[in-house]
Amino acid sequence: MEQGERVESVRQKQFLAAHTACHDKVYRYFRRRTGGASIAEDLTAEVFRIAWEKCRQGQELPVLMVFGIARNVLRNHYRSTVRSQNLTQQLERQRTADLGTDDGVVTEALGRLKPEEREVLLLTYWDGFISAEVSDLLNVTAAAVRMRLHRARKQLSELLRPEQTTEDVQR
């Protein structure tokens, strides 16, 4: 056995020992602190990817070191989640501001639509996607997109009609 093969064998043994000793504990650690099983699985995989890199550098992997990695991964996940939520809120505010309504009537009417119908309406008219593209984005059939769009236009028309009628009467 060559020197390189021996080093690789030792690395694999160290990693497998650490993985066996604490995989389930790390998963449960994430499961209790995150939104669900898939997130916990992803974060656990990230911990052991980093642990594999540490083994490459010749470091041993005691359980406490693996949990230190897990804590850092969890902190990064929290920061990433907050940044994502902030970005989503900023984009929503920008989209609402870009509607260009002085009196907010359209914005208010859009807010009263069902979320799935509002999203189809905005993707179609504000973002310029065709129904096939919207169906791919939302992971629904094109027929469902057309139906939602029809309902959204009808509902929006009904929501805006009383406002237009009152303005016409006042003139």
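**Exercise 1. In this predicted model, find the helix that holds Thr44, and decide whether Thr44 is buried or exposed.**

Solution.
- Step 1: Locate the residue. Thr44 sits in helix α2, which covers residues 37-56.
- Step 2: Check the accessibility. Thr44 has a relative accessibility of 2%. Buried means under 20%, so Thr44 counts as buried.
- Step 3: Look at its surroundings. Setting aside neighbours within four places in sequence, Thr44 is in contact with His23, Val26, Tyr27 and Phe30.
- Step 4: Look at the polar side-chain atom. A polar atom of the Thr44 side chain lies 2.7 Å from the backbone oxygen of Ala40.

**Exercise 2. What span should the 20 residues of α2 have at 1.5 Å a residue, and how far apart are its end C-alpha atoms?**

Solution.
- Step 1: Set up the expectation. The expected span is 1.5 Å times one less than the number of residues, and for the 20 residues of α2 that gives 28 Å.
- Step 2: Compare with the model. The end C-alpha atoms of α2 are 29 Å apart, which agrees.
- Step 3: Try the method on another helix. The twelve residues of α5 should span 16 Å, and the end C-alpha atoms of α5 are 15 Å apart, which agrees too.

**Exercise 3. Which residues of α2 are buried, and why can we say that they line one face of the helix?**

Solution.
- Step 1: List the buried residues. They are Ala40, Leu43, Thr44, Val47, Phe48, Ala51 and Cys55.
- Step 2: Look down the axis of α2. The buried residues fall within an arc of 135°, so they line one face of the helix.
- Step 3: Recall the helix geometry. An α-helix has 3.6 residues a turn, so residues three or four places apart point the same way.
- Step 4: Turn to the other side of α2. There, Asp42 and Arg56 are exposed.

**Exercise 4. Which residues touch the most other members of the largest nonpolar core, and which elements give two or more residues to this core?**

Solution.
- Step 1: Pick out the best-connected members. Of the 18 residues in this core, Val26, Phe30, Val47, Phe48, Leu61 and Val66 touch the most other members.
- Step 2: Name the elements. Helices α1 (3-33), α2 and α3 (63-97) each give two or more residues to this core.
- Step 3: Zoom in on one member. Not counting residues up to four places away in sequence, Phe48 touches Phe15, Ala18, His19, Cys22, His23, Val26 and Val66.
- Step 4: Search for a further core. Apart from the largest one lies another core of 15 residues, including Leu113, Leu122, Leu123 and Leu156.

**Exercise 5. Where is Gly128, and is it buried or exposed?**

Solution.
- Step 1: Find the place. Gly128 is in the loop between α5 (115-126) and α6 (131-138).
- Step 2: Check the exposure. Exposed means over 50%, and Gly128 has a relative accessible area of 55%, so it is exposed.
- Step 3: Check the backbone. Just after α5, Gly128 takes a positive phi of about 75°.
- Step 4: List its contacts. Beyond neighbours within four places in sequence, Gly128 is in contact with Leu123 and Glu133.

**Exercise 6. How many helices and strands does the chain have, and what percentage of its 171 residues is buried?**

Solution.
- Step 1: Count the elements. The chain has seven helices and zero strands.
- Step 2: Read off the buried share. Buried residues make up 25% of the 171 residues.
- Step 3: Consider the surface. The accessible surface of the chain comes to about 11800 Å², of which 51% belongs to carbon and sulfur atoms.

Conventions: Residues numbered from 1 in each chain as written. Predicted model: local features only at pLDDT ≥ 70, side-chain atom pairs only at ≥ 80, totals over all residues. Heavy atoms only, no water. Helix = DSSP H or I, 4+ residues; strand = E, 2+ residues; numbered from the N terminus. Buried < 20%, exposed > 50% of the residue type's maximum accessible area, 1.4 Å probe, protein only. Polar contact = N/O pair within 3.5 Å; in protein donor to acceptor, adjacent residues only side chain to side chain. Contact = heavy atoms within 4.5 Å. Arc of directions from axis to C-beta. Core = buried A, V, L, I, M, F, W, Y, C linked by side-chain atoms within 4.5 Å. Areas by Shrake-Rupley, 256 points an atom, 1.4 Å probe, with all protein chains shown as cover.
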